[in-house]
Amino acid sequence: MELKIAVLPGDGIGPEISTQGVLVLDAIAHRFNHKFIFKSGLIGASAIDTVGDPFPEDTLRLCLESDAILFSAVGDPRYDNNPSSPVRPEQGLLKMRKSLELYANIRPINTYKSLVERSPLKEEVIEGVDFVCVRELTGGMYFGEKFESEDKAYDTNVYSRSEIERILRVAYGYAMKRKKHLTVVDKANVLASSRLWRKVAQNMEKEYPEVKTDYMFVDNASMRIVQDPKFFDVLVTENTFGDILTDEASVITGSMGLLPSASTGDKTPLFEPVHGSWPEAAGKNIANPIAQILSAAMLLEHFGLIQEGKVVRDAVQASIENSICTPDIQKKNGNIYTTDEVGEWITDYCLHSN
Ligand code: IPM
Ligand code: MN
């Protein structure tokens, strides 16, 4: 298969983990006789510094001309501590999501047996956790009307029926392929937007009689995620709730550095780690490249390259079992490996495993 892949490393640890993601994809291309053509583009603070725009036209064009996007992270403390800055790196990511209509963000949460000791939760609570968060990504407060003055500010949480319907379809699609259990998370006891979500879901539920659909308020869901994460199979929710719940869910596994995601819509799909740019670690060669590498696996699987994706997942699993780990997931007294070393070990496994 030939695939044009836009590579957007972004900021902080982004470039370091991006390199490892590309190495792994290259290894897969080599082993399975595919042709992956990589072209990189600017995004985030590095794009502001170079061309004054966090998502330049050139990057948009590159994305539209590509079959897939391998994205890493954006964010820079120079902007975090300056709320009055007229331009921010995160705007680049939001502009990309909106202009490519990447409305469905898929964030799978699984635990690794050998990493249970890294989790803040008890072993019996987390062992065997396996669920998928489907986060709506181009609506809600992130994109609704905003107002900001010295004494007053607001964000509007707008959702249309069609926006809710299309994300629920994606969620039901996952539920049908999995354990046929969908949890719709909202705040319908307080928010009008959530009441529309619930109405639309209650209607659609009838089309999927095999799926057990249940409804949960977001405050309750946030509790359930740490108390009984095995309850969930597929969880679907709006943009802001999804942002918060997926950070919460990500720590179940022991490290945010493990979690990949896919953002899909009607245009070029994007694959990115759930974690951010971790500026304090930039250039130190300590960031965990696994979330990026598993995002590459999701990219392969998106194009039906299932066996290829499995090789990458097996390689990641093997690296963890052999304790080839960055500090965030290394066991007590274990050797610490760098970002490059972990990436190279996984790449090598992808090239040579049976
Ligand atoms: C995420 C991130 C982004 C978001 C930021 C960087 C804008 O936290 O992908 O979860 O809030 O969506
Ligand atoms: Mn987030």
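**Ligand shell, salt bridges and cysteines in a predicted model**

By class, the shell around ligand 1 comprises five charged residues, two nonpolar residues and no polar ones. The structure described here is a predicted model. The residues that surround ligand 1 are Glu 90, Leu 93, Arg 97, Arg 107, Arg 135, Tyr 142 and Asp 243. Helix α5, which spans residues 89-99, supplies the largest share of this shell, namely three residues.

Polar side-chain atoms approach oxygen atoms of ligand 1 from several shell residues. For Arg 97, a polar side-chain atom is placed 2.7 Å from an oxygen atom of ligand 1. The corresponding distance for a polar side-chain atom of Arg 107 is 3.0 Å, again to an oxygen atom of ligand 1. In the case of Asp 243, an N or O atom of the side chain is 2.9 Å from an oxygen atom of the ligand. Ligand 1 taken alone exposes 320 Å², of which the protein buries 79%.

Salt bridges were then considered. A search of the whole structure yields 18 of them. One of these is formed by the side chains of Arg 78 and Asp 76, with an N to O distance of 3.2 Å. The two partners fall into separate accessibility classes: Arg 78 is partly exposed, at 46% relative accessibility, whereas Asp 76 is buried, at 15%.

A salt bridge also joins the side chains of Glu 127 and Lys 113, at 2.8 Å from N to O. This pair links distant parts of the chain, 14 residues apart. Glu 127 is located in the loop between α6 (123-126) and β5 (130-136), and Lys 113 in the loop between β4 (104-110) and α6. Glu 127 has a relative accessible area of 29% and is therefore classed as partly exposed. Lys 113, at 61% relative accessibility, counts as exposed.

In a further salt bridge, the side chains of Asp 219 and Lys 187 meet at an N to O distance of 3.0 Å. Asp 219 belongs to helix α9 (residues 218-227) and Lys 187 to the loop between β8 (181-186) and α8 (192-204), so this salt bridge ties together parts that are 32 residues apart in sequence. Asp 219 is partly exposed, with a relative accessibility of 43%. Lys 187, by contrast, is buried, its relative accessible area being 18%. Elsewhere, salt bridges that share partners connect Asp 49, Asp 76 and Arg 78 in one network.

The cysteines were examined for covalent links. A search of the whole structure finds zero disulfides. For Cys 325, the closest cysteine sulfur is that of Cys 350, and because the two sulfur atoms are 16 Å apart, they are too far from each other for a bond. The cut-off applied to such a pair is 2.5 Å. Cys 350 is accordingly in no disulfide, the nearest cysteine sulfur to its own being that of Cys 325. Both residues are withdrawn from the surface by the accessibility criterion: Cys 325 is buried, with a relative accessible area of 2%, and Cys 350 is likewise buried, with a value of 0%.

How values were computed: Residues numbered from 1 in each chain as written. Chains lettered and ligands numbered in written order. Predicted model: local features only at pLDDT ≥ 70, side-chain atom pairs only at ≥ 80, totals over all residues. Heavy atoms only, no water. Salt bridge = Lys/Arg side-chain N within 4 Å of Asp/Glu carboxyl O. Buried < 20%, exposed > 50% of the residue type's maximum accessible area, 1.4 Å probe, protein only. Helix = DSSP H or I, 4+ residues; strand = E, 2+ residues; numbered from the N terminus. Near = heavy atom within 4 Å. Polar contact = N/O pair within 3.5 Å; in protein donor to acceptor, adjacent residues only side chain to side chain. Areas by Shrake-Rupley, 256 points an atom, 1.4 Å probe, with all protein chains shown as cover. Nonpolar A, V, L, I, M, F, W, Y, C, P; charged D, E, K, R; others polar.
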